[in-house]
Amino acid sequence: MRRSICFVFGLLLACLTITIDAAAEDLTQLDLVTLRKRAESGRLAAQVELAYRALEGKTKDFDENAIYQTFEKGAAGEIPRAFVGLGLCRYYGIGTRADRKQSNADHKQAAELGDLRGMMIHGWVLYSQAKDQSDSDRGLALIQKARDAGSEEASTLLANLDLRRPDNQPGATQKALKTLEHLALEKGNHHAMNNLADYYRKTGKQDLAIKYLRMSADANSTYACVALAEFLMAKKAGGNENEILTLLRKAAARGSNHGRFLLARKLMRRTHLQLPGEDWYQMLLLSHQHGHAQSSFELGAAHQHAPGYTFRDLDWKLAVEFYQAYLDAYKDVPPAMSHQEMHTAIHFICELYFKGGLGLKKDLRKCLETARPYLGICGVATAHAGRVLLHPDTPLGTTRQARIRGYACMLSARKSHYTISDHTLFIMRSRFSFTREEVAEAQKLSDSGFPTPDSKLLP
């Protein structure tokens, strides 16, 4: 009996020792062959590390769905590196839909579990999104802690921050460049290569920028592949078409949604460049599903009017869905900061609901709902609100106040750089038989800032 107890105790102790040794081992230092063998034997921590290396471009094989699923399993097992991988996948939309909020939570969890990369990224989030000086200081302290513990990525980030400082002390820039060059040339760190390329591009040293981007692209950095392709597409860089396509295909194959988007835009207009099995539409659809806003916008345009490429069945219902997905991607952006493509998407959605056709029912109420968050900010939204109020089938009723306020919207849209000629305004006044008093009332409303997103369109 005593022997049996001793045997069981010894077996448990041996298993515990193996578990502790496995947990304490630094898998980042293992060579790839050994790591693969351990992963194939079913060791989850090794599988996570292998997936992470694939994500970083350190292996030839790349399956974004398998990588993401491996990180999910690893996170369930509280493996710190798995949370870093999940955070990166959710940030860039690799194997899943992009979710910046969840990505930040993943990196915070990785940092709390002691992963240096997670610590560095969480520190950067705190530093770059600081609401006050204490957040900024805490973020910087985390990045420095990761660097002091041996993180090359943290050393790269701190050197890059030194390059950006407007108040650099004499010699600080050269010191930062020396650090980045050491990491890039001696350590082969593609993050350092990318930072050097970015610095030289901004300082007008085009040849050096291209040099470091090529080095980084050769190291399988998807950022570098896309950045170099975009750089070469610029006329001043004199890019080679075959090299650009090769770079974009490489980025797309390694899960870059922006790489897929740029490649699809090239192939949709020049289908002779497509390789067997390539489908520009499916590329855009996959990137859209992963939360890439520009792909959503391009799909909206494809289903609206198919400009410049082979005709496919147009569907305005789908066009609106894709344009709306584009706007939803920027739902946290204040309307006042909306950019031109957002205005274009708002215009198309409102216009399609206003007209109806090609699979989409005319819906003036939906047109108004789309325009409301941007009233007084976006000229096209304000103009469409006016058009709905002036329409004979307006859901708000054909009262004189509806007409007056519709005309006021048109006046306000004009102030927001929406093109409405004096002749068009004259026709509106004539069509609705506006009196001078009613025109003056509309002008007064417009001058008072009407309409706004919170305005009651009718009293």
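There isn't a single disulfide here: the count comes to 0. Keep in mind that you're looking at a predicted model. Salt bridges are another story, with a count of 23. Here's a quick tour of the cysteines, one helix and a few charged pairs.

**Cysteines**
- Cys350 is in no disulfide, and its nearest cysteine sulfur, in Cys367, sits 4.3 Å away.
- A disulfide needs the two sulfurs within 2.5 Å, so Cys378 misses out too: its closest cysteine sulfur, in Cys350, is 7.8 Å off, too far for a bond.
- Cys350 is buried, at 0% relative accessible area, and Cys378 is buried at 0% as well.

**Helix H19, where Cys350 sits**
- H19 covers residues 340-355 and spans 22 Å from its first C-alpha to its last, close to the expected 22 Å.
- Its buried residues include Met342, Phe348, Cys350 and Tyr353.
- Those buried residues pack against helices H17, H18, H20 and H21.
- Right after H19 comes Gly356, with a positive phi near 75 degrees.

**Salt bridges**
- Arg201 and Asp198 pair up at 3.7 Å, N to O. They're 3 residues apart in helix H11, so about one helical turn separates them.
- In that pair, Arg201 is partly exposed at 29%, while Asp198 is buried at 17%.
- Glu298 forms a salt bridge with Arg265, at 3.6 Å. This one links distant parts of the chain, H17 and H15, 33 residues apart.
- Glu298 also forms a salt bridge with Arg269, at 3.8 Å. Since Glu298 is in H17 and Arg269 in H15, the pair ties together parts 29 residues apart in sequence.
- Elsewhere, shared partners join Glu49, Arg53, Arg81 and Asp115 into one salt-bridge network.

Key. Residues are numbered from 1 along each chain as its sequence is written. This is a predicted model: local features need pLDDT of at least 70, side-chain atom pairs count only at pLDDT 80 or more; totals for chains, interfaces and linings use all residues. Side-chain values use heavy atoms; hydrogens and water are left out. Helices (H or I, at least four residues) and strands (E, at least two) are DSSP runs, numbered from the N terminus. The expected span of a helix is 1.5 Å times one less than its number of residues. Buried means under 20% relative accessible area, exposed over 50%, partly exposed in between (1.4 Å probe, protein chains only). Contact means heavy atoms within 4.5 Å. A salt bridge is a side-chain nitrogen of Lys or Arg within 4 Å of a carboxyl oxygen of Asp or Glu.
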